[in-house]
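Trainee: I have a model open on my screen and would like to learn how to read it. Could you walk me through some features, one by one?

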Amino acid sequence: MKPIYKRVLIKLSGEALGENGKGFCAETIEKVASEVVDLAVSGLEVALVIGGGNIWRGREGAMVQMDRATADYMGMLATVLNALAVQDAIERLGVGRAPDGGDVQCRVQTAIEMRQIAEPYIRRRAVRHLEKGRIVIFACGTGSPFFTTDTTAALRAAEIGAEALLLAKNTDYIYTADPRKDPDAKPIEEIGYVEVIDRGLTVMDNSALTLCMDNHIPILVFGLKGEKNIMRVACGEKIGTIVR
């Protein structure tokens, strides 16, 4: 299989990396890292944004009357833990697999500076890493509270010139309703940005959808758990839902 894109951004939910949505699942992290390495080896330029919901969600703090900004900053720090875990797995699995016989390299960039463990986010540097075949993981969201990692994914995709945003979720499609609550919910194969907003479908927050719409970035929504699904979507196979 050969990817149909030159550069993509993959958005992973933090819950997808955990056991029942919490903590870390080593098997899932290895699976994700293996597929990302395969994409990089195939010549695709790959960036990632990973949520932190397996460790902490800002809205959880709001529920116990924590200051919302403080809760969101805690969520940003959670994304760094996930980014470092995935980075480690990518570099272990990428030893000797680069096209030149070297190792696949991965860089974590954070919107909040923590230079001892990651680079600060600099758009030009991120693009240069991608051009050199390095995988880049963007952590700490936008660096500001009140913004989700969905919005971060859309923003970074636009900034680096990604041709598509691959949204890996625990569900295999966007549905007309929540299939866990409505047995008549139907999967949707293709839908427009505005229709997603108008129908109130749970895909990404409206800020993220608007950013993708304004920058003509298609959103490919698919299930993470399927065999080689990330590679299949990047190669143009029609699985899941496309929003465009």
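**Reading the model together**

Mentor: Happy to! Let's begin with Gly-18, which sits in the loop between strand 1 (7–12) and helix 1 (26–41). Keep in mind that this is a predicted model.

Trainee: Is Gly-18 buried or exposed?

Mentor: For that, look at relative accessible area: a residue counts as buried under 20% and as exposed over 50%, with partly exposed in between. Gly-18 has a relative accessible area of 12%, so it is buried.

Trainee: Which residues does Gly-18 touch, not counting residues up to four places away in sequence?

Mentor: Gly-18 touches Gly-23, Phe-24 and Cys-25 on that count. You can also look at pairs that are separated along the chain: the C-alpha atoms of Gly-18 and Ile-55 are 8.7 Å from each other, with the two residues 37 residues apart in sequence.

Trainee: Where is Ser-13 found?

Mentor: Ser-13 belongs to the loop between strand 1 and helix 1. With 17% relative accessibility, Ser-13 counts as buried. Setting aside residues up to four places away in sequence, Ser-13 touches Gly-51 and Ala-168.

Trainee: Now a charged side chain. With which side chains does the side chain of Glu-119 make a polar contact?

Mentor: One partner is the side chain of Gln-109, at 3.0 Å. Another is the side chain of His-129, also listed at 3.0 Å. Glu-119 itself is found in strand 4 (residues 119–120), and its relative accessible area of 18% makes it buried.

Trainee: And which residues is Glu-119 in contact with, leaving aside its neighbours within four places in sequence?

Mentor: Those are Arg-107, Val-108, Gln-109, Thr-110, Arg-125 and His-129. Gln-109 and His-129, the polar partners, appear in that list of contacts.

Trainee: How do I read a case like Pro-187: what is its relative accessible area?

Mentor: The value for Pro-187 is 45%, so this residue is partly exposed. Pro-187 lies in strand 8 (residues 187–188). Apart from residues up to four places away in sequence, Pro-187 touches Tyr-173, Ile-174 and Tyr-175. The C-alpha atoms of Pro-187 and Ala-177 are separated by 8.8 Å, and these two residues are ten residues apart along the chain.

Trainee: Where is Asn-215 found?

Mentor: Asn-215 is in the loop between helix 7 (206–214) and strand 10 (219–223). Its relative accessible area is 38%, which means partly exposed. A polar atom of the Asn-215 side chain lies 2.8 Å from the backbone oxygen of Leu-211. Across the sequence, the C-alpha atoms of Asn-215 and Ala-157 are 9.2 Å from each other, the residues being 58 residues apart along the chain.

Trainee: Next, backbone angles. What should I expect of phi?

Mentor: Most residues other than glycine have a negative phi. Here, Cys-140 has a positive phi of about 70° although it is not a glycine. Phe-146 is another such case, with a positive phi of about 75°.

Trainee: Where does Phe-146 lie?

Mentor: Phe-146 is in the loop between strand 5 and helix 5. Cys-140 is found in the loop between strand 5 (135–139) and helix 5 (149–160). Their accessibilities make a nice contrast: Cys-140 counts as buried at 0%, whereas Phe-146 counts as exposed at 53%.

Trainee: How many disulfides does the structure hold?

Mentor: A disulfide is a covalent bond between the sulfur atoms of two cysteines. The structure holds zero disulfides.

Trainee: Why does Cys-140 have no bond to the closest cysteine sulfur?

Mentor: The closest cysteine sulfur, in Cys-106, is 15 Å from the sulfur of Cys-140, and that is too far for a bond. For comparison, the cut-off is within 2.5 Å. Cys-212 also counts as buried, at 0% relative accessibility.

Trainee: Finally, pockets. What is the volume of the second largest pocket?

Mentor: The second largest pocket has a volume of about 340 Å³. Its lining holds 16 residues, with Leu-220, Glu-237, Lys-238, Ile-239 and Ile-242 lying nearest the centre.

Trainee: How do the residues of that lining divide into nonpolar, polar and charged?

Mentor: Eight are nonpolar, three are polar and five are charged in the lining of the second largest pocket.

How values were computed
Residues are numbered from 1 along each chain as its sequence is written. This is a predicted model: local features need pLDDT of at least 70, side-chain atom pairs count only at pLDDT 80 or more; totals for chains, interfaces and linings use all residues. Side-chain values use heavy atoms; hydrogens and water are left out. Buried means under 20% relative accessible area, exposed over 50%, partly exposed in between (1.4 Å probe, protein chains only). On a 1 Å grid over the protein atoms alone, a cavity is a set of points where a 1.4 Å probe fits but cannot get out, and a pocket is an open set with protein on both sides within 12 Å along at least five of seven lines; lining residues have an atom within 4 Å of a point. Grid points are joined across faces, edges and corners, and a volume is the space filled by probe spheres set on the points. Ala, Val, Leu, Ile, Met, Phe, Trp, Tyr, Cys and Pro count as nonpolar, Asp, Glu, Lys and Arg as charged, and the others, Gly among them, as polar. Helices (H or I, at least four residues) and strands (E, at least two) are DSSP runs, numbered from the N terminus. Contact means heavy atoms within 4.5 Å. A polar contact is a pair of N or O atoms within 3.5 Å; within protein, one must be able to donate a hydrogen and the other to accept it, and residues adjacent in sequence count only if both atoms are side-chain atoms.
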